[in-house]
Amino acid sequence: MTVQDHAPAPSSATQAPADTVPAMRDVPIGLEATGTRTEFDSMGKVEVPADHYWGAQTQRSLQHFDIGGDHMPKEVYRAYGYVKKAAAIVNSRAGRLPQWKADAIVKAAEETIAGDLDEQYPLFVWQTGSGTQSNMNVNEVLSNRAIQLLGGTLGSQQPVGPNDDVNMGQSSNDTFPTAMHIAAITEIDSKLLPRVTTLADELERKAIEWMDVVKIGRTHLEDAVPLTVGQEWSGYAAQIRSCIQEIEHSRGGLLELAAGGTAVGTGLNAPEGFSQDIALTIAELTGKQFVTAPNKFAAQGSLDAMVRASAALRGLAVALMKIANDMRWLASGPRTGFAELLLPQNEPGSSIMPGKVNPTQCEAMVMISIQVLGDDAAIAFSGSQGNFELNAMRPVIINNFLHSARILGDGIEKFVKYSVSGTELNRPKIESYVGESLMLVTALSPVIGYQNAAHIAENALANDQTLKQAALASGHVTEQQFDSIVVPAALVGHGVQGA
């Protein structure tokens with residue numbers, strides 16, 4: 001990047017006379033130029049790649065914040081497309097922005113929303129904490145694309161300027177959290193919730209299918225009284241249903257938008273009613289029930305809604321980790337583990353041990369869950385770092401949130417397809433555990449007393465006897481009594497809710 005002498009930025013706020021209004025042309029996306037072109041901002045001139053649409057502030061950010069390989073998620077920029085499109089529409093309706101300029105900005109914004117301009121948004125997550133550089137990246141790209149559509153000269157900021165026109169009535173401080181919320185809602189609604197719902201449905205289907213299969217329960221990793229496989233899996237389904245409710249509840253906070261608060265929440269330089277108008281327009285464009293945040297100082301000085309939404313993702317990760325771990329433990333074996341479940345065999349499990357197959361989908365889900373817990377820890381800490389009228393930890397929060405939502409959604413889709421749906425029962429093994437369990441003695445406790453029942457179990461273990469053999473040897477019950485009382489299927493309660 002080369003910084004040259006300062007150049008005054010020509011104002012594009014003045015409307016051109018009607019007879020000089022440029023007509024918008026049908027120009028394909030793309031720049032065939034080579035080398036660099038000169039762009040400028042308030043600090044001076046900057047050389048930028050001639051084959052891209054971004055301008056001086058984007059180029060400065062690329063030099064100053066070339067940190068790691070973590071780029072701002074494209075979903076943020078696509079969400080920003082809705083913000084800029086809505087602002088142009090609102091400003092043109094109110095007569096603040098000429099219609100011909102608004103049309104060009106809207107066209108460029110629609111291309112951003114569609115992902116057609118993704119390569120024009122190269123900035124890193126690690127940048128200014130307000131997201132200013134990403135906001136200006138969008139402003140510059142839309143400005144230059146609009147200039148191209150209107151037959152102007154790229155880099156001139158005429159006839160459409162990045163600040164005066166594309167950013168009219170806006171600030172990074174209110175538009176970036178707005179884009180964050182739009183991106184988060186889009187990811188939740190389009191991918192995460194549908195896939196989590198599919199998982200819950202599949203777990204419930206398995207629970208119903210296996211509701212009458214009696215198995216031995218386990219508590220503290222030790223044998224416990226029986227339940228059915230279906231009851232066990234109904235617990236998994238209920239966990240996921242509860243997570244869905246929490247995600248949907250937290251989603252409500254994301255529907256409140258900061259747009260219109262501008263720099264510190266007061267709405268300076270935004271006309272009266274702008275916050276309501278832009279929120280309504282974004283709602284119309286996205287088909288989501290977005291509303292203006294009732295208090296812009298909270299919306300901009302904190303990121304509490306994002307923190308709460310991340311907490312809901314964390315809750316889902318916790319539930320998924322439990323379910324995935326249960327499945328891989330219950331499938332352990334095939335000869336020396338629990339071996340109650342038969343998971344789909346998707347790929348070889350070892351480069352040295354022939355025939356070995358591992359619970360890979362479960363392992364992937366556990367790793368995803370661990371990552372989500374880490375993402376959430378960073379989000380929660382970042383959320384605590386709001387200072388006065390601005391939380392300046394926004395990029396890391398939205399990056400982590402979208403990362404969590406994305407890997408959860410993708411992981412769940414694979415988990416259902418390649419593990420849950422194809423899981424079967426090893427019924428002979430399950431039945432053998434039921435027959436060998438000593439904890440069935442619990443059924444005798446109300447009849448012969450807890451201490452006598454405990455001694456029966458202890459003696460059976462010590463003498464390598466079956467429970468029935470030890471019970472009859474104790475003299476406390478007859479064979480007829482034992483057979484009528486110790487009936488595994490009668491010990492599992494009355495359905496999904498338990499006894």
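A residue counts as buried here when its relative accessible area is under 20%, as exposed when that area is over 50%, and as partly exposed in between (1.4 Å probe, protein chains only). L320 is buried, with a relative accessible area of 0%.

Some ground rules will help. This is a predicted model, in which local features need pLDDT of at least 70 and side-chain atom pairs count only at pLDDT 80 or more, while totals for chains, interfaces and linings use all residues. Residues are numbered from 1 along each chain as its sequence is written, and side-chain values use heavy atoms, with hydrogens and water left out. Helices (H or I, at least four residues) and strands (E, at least two) are DSSP runs, numbered from the N terminus.

**Around L320**

L320 sits in helix α10. Leaving aside neighbours within four places in sequence, L320 is in contact (heavy atoms within 4.5 Å) with L199, I240, M365, S369, L408 and I412. The C-alpha atoms of L320 and C362 are separated by 9.2 Å, with these positions 42 residues apart along the chain.

**Two helix pairs**

Two packed helices are described by the angle between their axes and the distance between the axes. Axes are lines fitted to C-alpha atoms, for helices over the stretch in contact, and angles run from 0 to 180 degrees between N-to-C directions.

Helix α10 (residues 304-330) packs with helix α11 (residues 360-383) at an angle of about 155°, their axes 8 Å apart. That makes α10 roughly antiparallel to α11; angles under 35 degrees count as roughly parallel, over 145 as roughly antiparallel, 65 to 115 as roughly perpendicular and the rest as oblique. The crossing of α10 and α11 is left-handed, meaning that the near helix is turned anticlockwise from the far one by less than a right angle, with clockwise for right-handed. The residues of this α10 and α11 contact divide into 18 nonpolar, 4 polar and 4 charged. In that count, Ala, Val, Leu, Ile, Met, Phe, Trp, Tyr, Cys and Pro are nonpolar, Asp, Glu, Lys and Arg are charged, and the others, Gly among them, are polar.

Now for the second pair. The axes of helix α2 (residues 74-93) and helix α6 (residues 172-209) come within 8 Å and cross at roughly 115°. That makes α2 roughly perpendicular to α6, and their crossing is right-handed. On the α2 side, the residues that meet α6 include Y80 and V83, and on the α6 side those that meet α2 include F176 and I182. This contact of α2 with α6 divides into 9 nonpolar, 3 polar and 2 charged residues.

**One face of α16**

In helix α16 (residues 467-474), L467, A470 and A471 are buried. Seen down the axis of α16, its buried residues fall within an arc of 100°, so they line one face of the helix; the arc is that of the directions from the helix axis to the C-beta atoms. Among the elements covering them are α15 (450-462) and α17 (479-485). After α16 comes G475, with a positive phi near 80°.

**Backbone details in loops**

Two residues other than glycine have a positive phi, F388 and D464. F388 is exposed, with a relative accessible area of 78%, and D464 is exposed as well, at 72%. The table adds two cis peptide bonds.

| Feature | Value | Loop |
|---|---|---|
| Q158 to P159, cis | omega near 5° | between α4 (132-149) and α5 (162-166) |
| G333 to P334, cis | omega about 5° | between α10 and β8 (341-342) |
| F388, positive phi | about 55° | between β9 (386-387) and β10 (390-391) |
| D464, positive phi | near 55° | between α15 and α16 |
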